[in-house]
Every structure is written in C-alpha cells, then in structure tokens.
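Trainee: Before we begin, may I ask that the structure be displayed, so that each point can be followed on it?
Mentor: Certainly; it is shown here.

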Amino acid sequence: MSRNGRKYTDEYRRSLEDPEGYWLDAARAVAWDVEPTQAYSGADAPISRWFPDGELNTSFNALDRHVAAGRGDQPALIHDSAMLGGTTTYTYSELTAAVAAFAGVLRAQGVGRGDRVVIYLPMIPEAAIAMLAAARLGAVHSVVFGGFAANELAVRIRDAAPKVVVTTSGGLEPNRHVEYLPTVHEALATAGAPELPVIVKHRDGFATDPGDLDWNHVDWDAALAGARPAAPVPVKATDPLYILYTSGTTGAPKGVVRDNGGHAVALLWTMANLYDIHAGDVWWTASDVGWVVGHSYIVYGPLLAGATTVMYEGKPVGTPDAGAFWRVIFQHRVKALFTAPTALRAIRKMDPEAALMGKYDVGTLQTLFTAGERLDTDTYHWASRVLGVPVVDHWWQTETGWGIVGNPRGLEPLPIKAGSPTLPMPGYDLRIVDGLGEPVAAGQEGNIVLRLPLPPGTLTTLWGDDQRYVDSYLSAFDGCYATGDSGYVDEDGYVFVMGRTDDVINVAGHRLSTGAIEQVVGKHPAVAECAVIGVADALKGQKAVGFVVLKSGVSIAADVLQKELVALVRKEIGPVADFKNATIVDALPKTRSGKILRKTMRQIADGDAYTVPSTIEDPAVIDALVPILAPGR
Ligand code: COA
Ligand code: AMP
C-alpha cells in the first residue's frame, strides 16, 4: 500500500502482530458486566474463545445502554413496509420496552440462559424484537428464513432442540400471501415435536389455526398483556448468542455458532471503521433477518452502535416499482445502504438509467455497500454512475459474521478497484494457496484460506458438532480455516474473489447447496441419478439447473417431469431455491470412480474453458452433453 493506506496498513499489521492488545482495545467499545482481561484463549483449540473472562449482555448493549446515554427518544428501528405501505418507528426507549416485555413472554414459557428459541418470521419488527429478547435472557436464537419450506424448518428444529418457536400467521410476497402456520405445523410434526410452544404474531388476512394438529399455541399479543418485563441477564462472552444454519455441501445445513462477546466487539469495530456509521446515523441494510447480513447489519451492528436501522419489508422492484430503494433513502434520510448486487441488477433491468431516482432527493446517501455475491464490474460502474457515491464491495460469509475483505471507509477510505472487495480486514491473515496448501504467486488463483485463529465475531464451532466444524473448515489446510472460495491477490494486495470451490451456489444473494437440491430431485420415482449445478445468470448471479437420468424402463414426458421436480424442490426446500429447470439426459459424465463431473458441466454451461479429466469414464458423454448445456455454442 502506498501512502494512501498507511493508517489501514498500521492497523492491519498491529492486529496480526499484537492481537491481544488490538482486540482488548476494540473491546472498550462494549459495556461489559465483567471487563475481560484476556482477548484470545487457545485453551480449547481448535474451538476459539474470545474474551474468556468477560461477561456482558448483548441486548443491554444494543438497547438499554443507549437509553441510559440519553438516546431514548432517538429512532432505533424504522420498519418500512412497501407491502402494506407505511412505516412504524420504535425509539430506543420503545424498542427496549418491547424487547423487555417479550423477553418476559419467553421467560414465562420457561426460556432461560442457554435455551434455544427458533424464530421463523418475515421482515417485521417482531423478528428483531424476538432476537433481542432471546439475547436478553442469555438464550440462543436461531432464525429460519421465511422462504424455506417445512422440511428445512423441521431439520433446524430437530438440531437446535428449542424450548419455543416464535412465528407469525403470514408473510407478504409481491405475488402472494405466505401462510406460515401450515408450514410450522408440518415442521413440528416432521420434527416430532408437536408439543413445542409456538408464539404467534397474528397478522390480518391469514389463517389462525390451520389443520388438526393439537398444538401449543400462544398468542403474541395476549401473552404480552400479562408479561412482566425481563432485565438483561449477564452471560459469559463465550456463551452462544445465536445459531444460524447455512448451506454446506451436503443436504444437512451447518449450524454456525456465534458467541456474545466477540460478536459485539467485532460488530462495533465494523460499524465505525468499515461503514463509518456512528450513533445517530441512519443505516439501511436491504436484506432479510434470515440471513447473516440481516443478523449482523439489520439488527445487531446498527443497534450496538446506537444508530437508526431501517428494516424494509419489500423488494427492490415491483413494490411498487424500481424507485423503491430511492424512495426509502429519501424518506428516512439514509446515510449508507448495504444490499446485494442482484438487487441493483434487478433495478437496472427495470430502469436502466435510474430515471425513477429523479423523483427523490437521495443526497443523504454517502456510500453504497454490497456483499452476498461478487459485485460484477458492470453493476459496479452502473451504480457508481447513477448514484455518484462510492460503491463499496466487501466479501464475507455466514461463518465469519463480518467482512473478511473490505474497504474500511471509517478508518481510511482506500482506492476502489472494480471487481475487488479491496483488502483483508484486521484480524484476518489471508493467504492464497494451492491444493497442497503451498502459497501461490501474486495474480495466481488458488484457495482463499485464513490462518488461525480467526478474529472475534467469527464462528466458534458448529452447533453440537465440533468434529464437523473441524472436518468442514480446519482439516484441508494445516493451521488454516478454508473459506471454500477461490481467488487471487494482485500486486497491490487487493483480493479478487472468483467463486466457490465446493457445491455451494449463490442465487439472488441466497446461499444454497446443490447437494441438498440433488437429494430432493433424486427422490422422484422416475429419477435414477441426477446432477444439480449452478450456472451463470445475468440477474441472479447463478441459478440451479438439474440434469436427470431416468430409471430404465421409465417413460415420462420431459415437461411433466420438470414440473414435478420443480414442485418437489419448492415443497421440500422452499421457493427460495428458485429451481425452475430440469433436463432429461442419457447419462451424466463421471470419472472411473463414479464421481460426477459437475465442475466440467458448469464450465461448459458458463462458456468457460474446460478440461475433461483424464479419469473420465466415457468422453462421449461429455460430447453429447455440450449442445444441451450450451445450446448454440
Ligand atoms: N418468504 C417466502 N417466499 C420467499 C421469500 C420469503 N421471505 N423470499 C423469497 N421468496 C420466494 C419469492 O417470492 C419467489 O417465489 P416465486 O417463485 O413464487 O416467485 C422465490 O422465493 C424466489 O425468490 P427470489 O430469488 O428472491 O426472486 P424474486 O424474483 O422474487 O426477486 C430479486 C428477485 C433480485 C428482486 C430478489 O431476489 C432480491 O431482492 N434479492 C436481494 C437478495 C438479498 O438481499 N440477499 C441477502 C443477502 S445480502
Ligand atoms: P453467505 O454465507 O450466505 O453470506 O454466503 C457466503 C458466500 O457468498 C461466500 O463464500 C462467497 O462465495 C459469496 N460472497 C459473499 N460476498 C461476496 C463478495 N463480496 N464477493 C464475492 N463473493 C461473495
């Protein structure tokens, strides 16, 4: 880094040379019940423990402390519903009271420190309230994205074994009302837990008690009326705050565990240094509370910082038009927006010159942050041009909880290079290595790995399965965490993230497992075997496409099979999989040991250069597939 990056370079170097001093300094931003005297403990390695002797309450840090500091009347959360047309604002005092009251409801259901609370809610304030209420009691929440179907909810209920489920009767999608309770009932039955208390925030226009399950229903509003507000319960910094399930390479989702102390320290560091957002600023993350971006930057980050967070129930387009984002920025005087590139592509497709921006004064906006998928250079240039503010990509994942590579706008804005999320953030010792773990030269693509220990706020383990944590992330490269992404570092140290090295795909900024979709497709009685791959899509980044071989003797029309497979995936995984294409093929390309050559298939479909491995069983299968995978090429 030239003179431009001196401050960044000093901070980064110090974070790696003196992590104890660096993170204990950062920890001063937290209100502790017991101040930590130690930053990192490797005593339980490879499970990392940050601030092992510290105690705090995350809900207190996100709410009460700001009221005590005189911010009680400042808006904490603005819920803007493009679906219903209207906003609801909670000041810090009001949100604190709402969270304390709902924590009382949870406690009345027997929830205490360490107990799990599964939250299945759309983008309504109750989602944030339920999360913060669980945190207030020292309980562990696990939020499930509303676009997942009953089976996915059931898997999470079974794994997290919650004391209670918190849900609603309905969600609003542009083209339909989403009935939540039939899904919840089916999930409870599938999980074998029909007796679990289910706290329901009822919304007008939705079924209140579908089906004939004898369930333990608690009405959110009625329960609140009799609730005694609960005070924050101090917990150990190393106690879990939440579990967030994410897609891995197999069908079984991984329960990423986040602690309380490291999380608060890291998020506070990012709000100031990465995003330049401080108490009193208005910040908007257009994502969903069901994803890590929503956890970190709709709920916890902005509230820990004493900022105002905008929670948006709507889409970038169609609610009502491609000017929705500009309207929200204008109406709430948003200082910085964080969204996924796919949302920008959707807006651009509908309104290529952003003409609808002319209806609103978006002059308060200082920065646009993107993450969730690579910010393609086309979209970067378009957004920079129409907004006239820095457009800042940053790269991270559910596991890390905050930016691995970014551009620290609050610390020192670094020059932006289109296509790169910029430089590694403090605490992340990033290396590019080949398959054997050997460093590769600048400019050469390889596996992106992070030398251990990871900084505060990153995952501590996978829920209930330390061994899976080690096997999934820590075994491939000695002393390193494997990110699952490939990329390269250029001569200036800028990181370029090129894509996953495993079977995880990214559809409209949503992380999905092709393995999980394959498991569902493979259940169809006509299917002998199948491969699901993620192919490039101009709007959504990638889309999942299936190739199936029929069982011998079975005959079914291609369009009928596709319709049935699409319906099956929607029912088993959920609409979020956005699985729309399945093609019948004679055979799948395989190695002689039987491994399906998914990567080669993807390369052909994307029009990339491909090499057929010498271990291929039958090269003719590839030849037959080329016109199907890449018609017209
Ligand atoms: N509850 C129920 N269903 C949901 C849902 C939810 N919370 N979220 C999405 N779905 C459904 C959609 O309604 C759609 O259903 P359909 O097949 O009946 O139309 C399906 O899942 C696929 O949704 P999506 O991939 O989001 O496509 P879309 O066409 O509805 O919208 C975008 C496209 C680009 C506008 C939208 O994906 C978007 O805003 N993406 C931003 C992503 C984001 O913020 N990611 C978070 C990571 S930062
Ligand atoms: P998730 O866990 O849902 O946040 O998804 C994480 C994955 O999304 C990463 O491992 C990357 O493959 C991809 N990803 C997220 N942000 C970016 C980015 N800014 N650039 C490139 N890929 C990204």
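Trainee: How many residues surround ligand 1?
Mentor: This is a predicted model, and the statements that follow should be read in that light. The closest residues to ligand 1 are E173, R176, A508, K540 and R570. By class, the shell comprises nine nonpolar, seven polar and seven charged residues. The number of residues around ligand 1 is 23.

Trainee: Which residue has a polar side-chain atom 3.3 Å from an oxygen atom of ligand 1?
Mentor: Backbone atoms must be set aside here: A286 has a backbone N or O atom 3.4 Å from an oxygen atom of ligand 1, and P575 has a polar backbone atom 3.3 Å from an oxygen atom of the ligand. The side-chain atom in question belongs to N175.

Trainee: What percentage of the area that ligand 1 exposes when taken alone does the protein bury?
Mentor: The reference is the ligand by itself, which exposes 940 Å². Of that area, the part buried by the protein is 85%.

Trainee: Which residues come nearest to ligand 2?
Mentor: The shell of ligand 2 has 15 residues. By class they are four nonpolar, five polar and six charged. Those that come nearest are H394, T398, D485, R500 and R511.

Trainee: Which residue has a side-chain N or O atom 2.7 Å from an oxygen atom of ligand 2?
Mentor: H394 is to be excluded, since its polar backbone atom is 2.7 Å from a nitrogen atom of ligand 2. The side chain of N506 does place an N or O atom by an oxygen atom of the ligand, but at 3.1 Å. The residue asked for is R511.

Trainee: What percentage of the accessible area of ligand 2 does the protein cover?
Mentor: On its own, ligand 2 has 490 Å² of accessible area. The portion covered by the protein is 93%.

Trainee: Which helix gives the most residues to the largest nonpolar core?
Mentor: The largest nonpolar core has 108 residues, and W23, L95, F102, L106, V166, Y300 and L430 have the most contacts inside it. A second, separate core has 50 residues, including Y120, A154, L550 and V569. To the largest core, nine residues come from one helix, spanning residues 125-136, which is α6.

Trainee: With which residues is F102 in contact, leaving aside neighbours within four places in sequence?
Mentor: F102 is one of the residues with the most contacts inside the largest core. With its sequence neighbours set aside, the contacts of F102 are I129, A130, A133, V166, I199, W220 and L224.

Trainee: Is E126 buried or exposed?
Mentor: E126 is found in helix α6. Beyond its neighbours within four places in sequence, E126 is in contact with L121, K201 and W220. Its relative accessibility is 10%, and the limit for this class is under 20%, so E126 counts as buried.

Trainee: Where is P320, which a cis peptide bond joins to T319?
Mentor: Most peptide bonds are trans. The bond between T319 and P320 is cis, with omega about 0°. P320 has its place in the loop between β17 (308-313) and α12 (324-332).

Trainee: Which residue does a cis peptide bond join to L452?
Mentor: Omega of this bond is about 0°. The partner of L452 lies in the loop between β24 (446-451) and β25 (461-462), and is P453.

Trainee: What is the relative accessibility of A354?
Mentor: Most residues other than glycine have a negative phi. A354 has a positive phi, near 50°, and lies in the loop between α13 (341-350) and β19 (367-370). A354 counts as buried because its relative accessibility is 6%.

Trainee: What is the phi of T422?
Mentor: T422 lies in the loop between β21 (405-406) and β22 (423-424). Its relative accessible area is 2%, and T422 is therefore buried. Although T422 is not a glycine, its phi is positive, at about 90°.

Trainee: How far apart in space are T87 and H202, C-alpha to C-alpha?
Mentor: T87 is found in strand β5 (residues 86-91) and touches I78, H79, D80, Q331 and H332, not counting residues up to four places away in sequence. At 38% relative accessibility, T87 counts as partly exposed. T87 and H202 are 115 residues apart in sequence, and their separation in space is 18 Å.

Notes. Residues numbered from 1 in each chain as written. Chains lettered and ligands numbered in written order. Predicted model: local features only at pLDDT ≥ 70, side-chain atom pairs only at ≥ 80, totals over all residues. Heavy atoms only, no water. Core = buried A, V, L, I, M, F, W, Y, C linked by side-chain atoms within 4.5 Å. Buried < 20%, exposed > 50% of the residue type's maximum accessible area, 1.4 Å probe, protein only. Helix = DSSP H or I, 4+ residues; strand = E, 2+ residues; numbered from the N terminus. Contact = heavy atoms within 4.5 Å. Near = heavy atom within 4 Å. Polar contact = N/O pair within 3.5 Å; in protein donor to acceptor, adjacent residues only side chain to side chain. Areas by Shrake-Rupley, 256 points an atom, 1.4 Å probe, with all protein chains shown as cover. Nonpolar A, V, L, I, M, F, W, Y, C, P; charged D, E, K, R; others polar.
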